[in-house]
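Colleague: Could you take me through one part of this model up close? I'd like a connected walk through the surroundings of a single residue, going outward from there.

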Amino acid sequence: MAFELIDLPYDDTALEPAVSAKTLSFHHGKHHKAYIDKTNAAIEGTDLAGKSLEEVIASARGSNQGLFNNSAQSWNHGFYWHSMAAEETSASDELKSMIDDAFGSVENLKSKLAERGAGHFASGWVWLAVKDGKLTIEETHDGDTLADQDGVNPLLVIDLWEHAYYLDHQNARPAYLDAVNGKLNWSFASENLVRGTAWTYPC
Ligand code: MN3
């Protein structure tokens, strides 16, 4: 069974003007699809066919860079689509209190995410995650992921690759980050926190 390109959890205009329908059509329909297709092509007929995407990622890490990049990017994009929401959602009381402890307030956390995302050199991802029981902001480079890292539970992610924002904000990554900060799915983050283990790619 091959991995599938998951549907966007909202209409393609739902994130405008932060992320336009045009960006989503390329980002989801072309970029994410290509990562999925390449992952499927690479595992077809191998021992990895039939494994979960998380198992493929863990197996490819450090041993097959091409497969690692494509499988991790497949996962990261699925997680990213869910990290944003059409309507503003709010964090659970538990998450809110962890955010207050670690960052002072949700607004401060958003500023920190924007700051770390803007300062990240070249392509990658900025994450809100639970590590060793505490909330932390993490960055990964290129296609790297938190999906398979022991003791780390990713709650939200923001794509920092230029293809995520260039059509809408050109080179202004900070403008994209400010806009996307208003679309973060705190209810998804709260579900991830309660589960206590990393989200799994749905198909
Ligand atoms: Mn991307």
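**A histidine and its surroundings**

Modeller: Let's start in helix H1 (residues 21-43), which is where His 32 is found. Bear in mind throughout that this is a predicted model. With a relative accessibility of 0%, and the cut-off for buried being under 20%, His 32 counts as buried. Its side chain makes a polar contact with the side chain of Trp 81, at 2.9 Å. Setting aside neighbours within four places in sequence, the contacts of His 32 include Leu 5, Ile 6, Gln 73, Ser 74, Gly 78 and Tyr 201, and also His 27 and His 77.

Those last two names lead to the metal. His 27 and His 77 both give their NE2 to the manganese ion, along with OD of Asp 159 and NE2 of His 163, and these protein donors sit 2.0 to 2.2 Å from the ion. Along the chain, the donors follow the spacing H-x49-H-x81-D-x3-H. His 77 belongs to helix H3, while His 163 is in the loop between E3 and helix H6 (166-169), so this pair ties together parts that are 86 residues apart in sequence. Like His 32, His 77 and His 163 are both buried.

Now stay with helix H3, since Ser 71 is placed there too. Ser 71 has 0% relative accessibility, so this serine counts as buried. Its side chain reaches back to two backbone oxygens: that of Leu 67 at 2.7 Å and that of Phe 68 at 3.3 Å. Those partners make sense on a helix, because an α-helix has 3.6 residues a turn and residues three or four places apart point the same way. Leaving out residues up to four places away in sequence, Ser 71 touches Thr 39, Leu 53, Val 56 and Ile 57.

H3 also matters for the nonpolar side of the story. The largest nonpolar core has 60 residues, and the members touching the most others are Trp 75, Leu 95, Leu 135, Tyr 176 and Trp 186. Helix H3 (residues 65-82) supplies the largest share of this core, seven residues. The core draws at least three residues from each of domain 1 (21-82) and domain 2 (93-195). As for those two domains, their C-alpha centres lie 20 Å apart, and the contact takes 18 residues from domain 1 and 24 residues from domain 2.

Trp 75 is a good way into the aromatic side chains. The structure holds 12 aromatic pairs. One of them joins Trp 75 and Trp 127, a tilted pair with 6.4 Å centre to centre and 35° between the planes. Trp 75 lies in helix H3 and Trp 127 in strand E1, so the pair ties together parts that are 52 residues apart in sequence. Both of these tryptophans are buried. Another pair is Phe 188 with Trp 199: the ring centres are 6.3 Å apart and the planes are at 80°, so this one is edge-to-face. Phe 188 is in helix H8 and Trp 199 in the segment after H8, so here the linked parts are 11 residues apart in sequence. Phe 188 and Trp 199 are both buried as well. Ring pairs link these four into a cluster with Phe 79, Tyr 80, Trp 81, Trp 125 and Tyr 201. That brings us back to the start, as Trp 81 and Tyr 201 are among the residues in contact with His 32.

Since Phe 188 took us to H8, let's finish on that helix. The buried residues in helix H8 (residues 186-195) are Trp 186, Phe 188, Ala 189, Ser 190, Asn 192 and Leu 193. Their cover includes H3, helix H4 (93-103), helix H5 (106-119), strand E1 (124-131) and strand E3 (152-159). Leu 95 shows this from the other side: not counting residues up to four places away in sequence, Leu 95 touches Trp 186, Ala 189, Ser 190 and Leu 193, as well as Leu 135 and Leu 155. At the start of H8, a side-chain oxygen of Asn 185 comes to within 3.2 Å of the backbone nitrogen of Ser 187. Just after the helix, Gly 196 takes a positive phi of about 85°.

Methods: Residues are numbered from 1 along each chain as its sequence is written. This is a predicted model: local features need pLDDT of at least 70, side-chain atom pairs count only at pLDDT 80 or more; totals for chains, interfaces and linings use all residues. Side-chain values use heavy atoms; hydrogens and water are left out. A nonpolar core is a set of buried Ala, Val, Leu, Ile, Met, Phe, Trp, Tyr and Cys residues joined through side-chain atoms within 4.5 Å. Buried means under 20% relative accessible area, exposed over 50%, partly exposed in between (1.4 Å probe, protein chains only). Helices (H or I, at least four residues) and strands (E, at least two) are DSSP runs, numbered from the N terminus. Domain bounds come from an automatic or database domain assignment. Contact means heavy atoms within 4.5 Å. A polar contact is a pair of N or O atoms within 3.5 Å; within protein, one must be able to donate a hydrogen and the other to accept it, and residues adjacent in sequence count only if both atoms are side-chain atoms. Donors are N, O and S atoms within 2.8 Å of the metal (3.2 Å for Na, K and Ca); water is not among the atoms, so sites may look incomplete. Rings of Phe, Tyr and Trp (its six-membered ring) pair if their centres lie within 6.5 Å; planes under 30 degrees apart count as stacked, over 60 as edge-to-face and the rest as tilted.
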